[in-house]
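Please open the model in your viewer and keep the sequence panel visible. The tour begins with the whole chain and then turns to a single residue.

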Amino acid sequence: MSLAETLTQMREGAAKRIPEPAAAIMHRATEDLRQSGILDGVIKIGDRLPDFTLINQQGTPVSSLALRNAGPMVLTVFRGSW
């Protein structure tokens with residue numbers, strides 16, 4: 001399954017799980033951010049980031065350099081629960 005297909009499945013699954021009032025708040029907040037111009041300064045596909053190390057869910061440090069050396073890397077950020 002491609003990344004695009006996986007992301008589509010995730011969006012469709014979230015649309016079924018998230019109550020409409022919460023979804024409306026999320027969509028409004030997203031639109032407010034878009035209107036603010038914040039997207040002009042965000043990381044774009046293909047941008048080169050500085051190397052970094054983060055701790056994974058098992059408490060083990062993982063370096064971006066090691067991940068990139070293994071192949072393409074996708075970076076996602078989860079804002080938290082709504």
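Begin with the cartoon view of this predicted model. The protein contains 3 helices and 2 strands. Followed from the N terminus, the order of these elements is α-α-β-β-α.

Next, select the C-alpha atoms of the protein. Along the principal axes, these atoms fill a box of roughly 40 × 30 × 25 Å. The radius of gyration of the protein is 16 Å, whereas a compact globule of 82 residues would have a value near 12 Å.

Now switch to the surface representation. The protein exposes about 7,300 Å², and 60% of this area is supplied by carbon and sulfur atoms. Of the 82 residues in the protein, 7% are buried.

Colour the charged side chains next. The protein carries 9 positive and 8 negative charges, and the mean positions of the two sets lie 4 Å apart.

Finally, select helix 3, which spans residues 64–70, and locate Ser-64 within this helix. Is Ser-64 buried or exposed? Ser-64 counts as buried because its relative accessibility is 0%, and the cut-off for a buried residue is under 20%.

Which residues are in contact with Ser-64, leaving aside its neighbours within four places in sequence? Display the side chains of Pro-50, Asp-51, Phe-52 and Met-73: with those sequence neighbours set aside, these are the residues that Ser-64 contacts.

Methods. Residues numbered from 1 in each chain as written. Predicted model: local features only at pLDDT ≥ 70, side-chain atom pairs only at ≥ 80, totals over all residues. Heavy atoms only, no water. Helix = DSSP H or I, 4+ residues; strand = E, 2+ residues; numbered from the N terminus. Rg over C-alpha atoms; globule rule 2.2 N^0.38 Å. Buried < 20%, exposed > 50% of the residue type's maximum accessible area, 1.4 Å probe, protein only. Areas by Shrake-Rupley, 256 points an atom, 1.4 Å probe, with all protein chains shown as cover. Lys, Arg positive; Asp, Glu negative; His and termini not counted. Charge placed at Lys NZ, Arg CZ, Asp CG, Glu CD. Contact = heavy atoms within 4.5 Å.
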